[in-house]
Amino acid sequence: MRIREGSLYKSHLTGKVSQVGRLWHRMYPVVVLKRNPENPNKPIPRNTPKYLELITFFPDDSVDSREFLRFLDQQQWFQKLWPVE
């Protein structure tokens with residue numbers, strides 16, 4: 001199944017019950033540390049409305065993989081941490 005514009009829904013990249021996906025997605029909250037007036041050595045963590053979003057992708061030789069990599073290359077908000085060879 002080809003990737004529809006803006007969606008990976010029901011593509012082989014996301015997997016299903018009997019198949020491990022090729023795409024893993026995690027979101028981690030960004031936390032800032034505030035100075036603790038009672039104990040300067042132990043800062044107080046505070047949540048922010050921001051998240052760090054990580055995508056781990058295991059590409060194969062499929063059309064879906066090539067299209068997804070092409071999509072990511074075109075996004076200004078996306079930064080590769082490790083290049084795909």
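How much space lies in the largest pocket? About 510 Å³. Keep in mind while reading that this is a predicted model. Here are a few notes to go with the view above.

1. **Who lines the pocket.** The largest pocket is lined by 15 residues, and those closest to its centre are Ile-55, Phe-78, Gln-79, Lys-80 and Leu-81. If you want a place to start looking, pick one of these, such as Phe-78.

2. **Where the lining comes from.** Two elements, S2 and H1, give two or more residues each to the lining of the largest pocket. Strand S2 gives the most, with six residues. Sorted by class, the lining has 11 nonpolar residues, two polar ones and two charged ones.

3. **Salt bridges, part one.** The structure holds two salt bridges. One joins the side chains of Arg-22 and Asp-60, with 3.3 Å from N to O. This pair links distant parts of the chain, its partners being 38 residues apart. Arg-22 sits in the segment before strand S1 (23-34), while Asp-60 is in the loop between strand S2 (44-57) and helix H1 (63-73). How open are the two ends? Arg-22 counts as partly exposed because its relative accessibility is 24%, and Asp-60 is also partly exposed, at 28%.

4. **Salt bridges, part two.** Asp-73 pairs with Lys-80 in a salt bridge, and their closest N and O atoms are 3.1 Å apart. Asp-73 has 54% relative accessibility, so it counts as exposed; the cut-off for that label is over 50%. Lys-80, at 36%, counts as partly exposed. You have met Lys-80 already: it is among the residues closest to the centre of the largest pocket.

5. **A nonpolar patch on the surface.** Tyr-28, Val-30, Leu-52, Leu-54, Leu-81 and Trp-82 make a nonpolar surface patch of about 670 Å². Strands S1 and S2 each supply at least two of its residues. Take Leu-52 as an example: its place is in strand S2, and it counts as partly exposed because its relative accessibility is 46%.

6. **Patch and pocket together.** Which names should you hold on to when turning the model around? Leu-81 is one: it belongs to the nonpolar patch and is also listed among the residues closest to the centre of the largest pocket. Strand S2 is another, since it supplies at least two residues of the patch and gives six residues to the pocket lining.

Terms used: Residues are numbered from 1 along each chain as its sequence is written. This is a predicted model: local features need pLDDT of at least 70, side-chain atom pairs count only at pLDDT 80 or more; totals for chains, interfaces and linings use all residues. Side-chain values use heavy atoms; hydrogens and water are left out. A salt bridge is a side-chain nitrogen of Lys or Arg within 4 Å of a carboxyl oxygen of Asp or Glu. Helices (H or I, at least four residues) and strands (E, at least two) are DSSP runs, numbered from the N terminus. Buried means under 20% relative accessible area, exposed over 50%, partly exposed in between (1.4 Å probe, protein chains only). Patches are made of residues with over 30% relative accessible area and no salt bridge: like charges are joined within 9 Å, nonpolar side chains (Val, Leu, Ile, Met, Phe, Trp, Tyr) within 5 Å. Accessible areas come from the Shrake-Rupley method with a 1.4 Å probe; for residues, only the protein chains shown count as cover. On a 1 Å grid over the protein atoms alone, a cavity is a set of points where a 1.4 Å probe fits but cannot get out, and a pocket is an open set with protein on both sides within 12 Å along at least five of seven lines; lining residues have an atom within 4 Å of a point. Grid points are joined across faces, edges and corners, and a volume is the space filled by probe spheres set on the points. Ala, Val, Leu, Ile, Met, Phe, Trp, Tyr, Cys and Pro count as nonpolar, Asp, Glu, Lys and Arg as charged, and the others, Gly among them, as polar.
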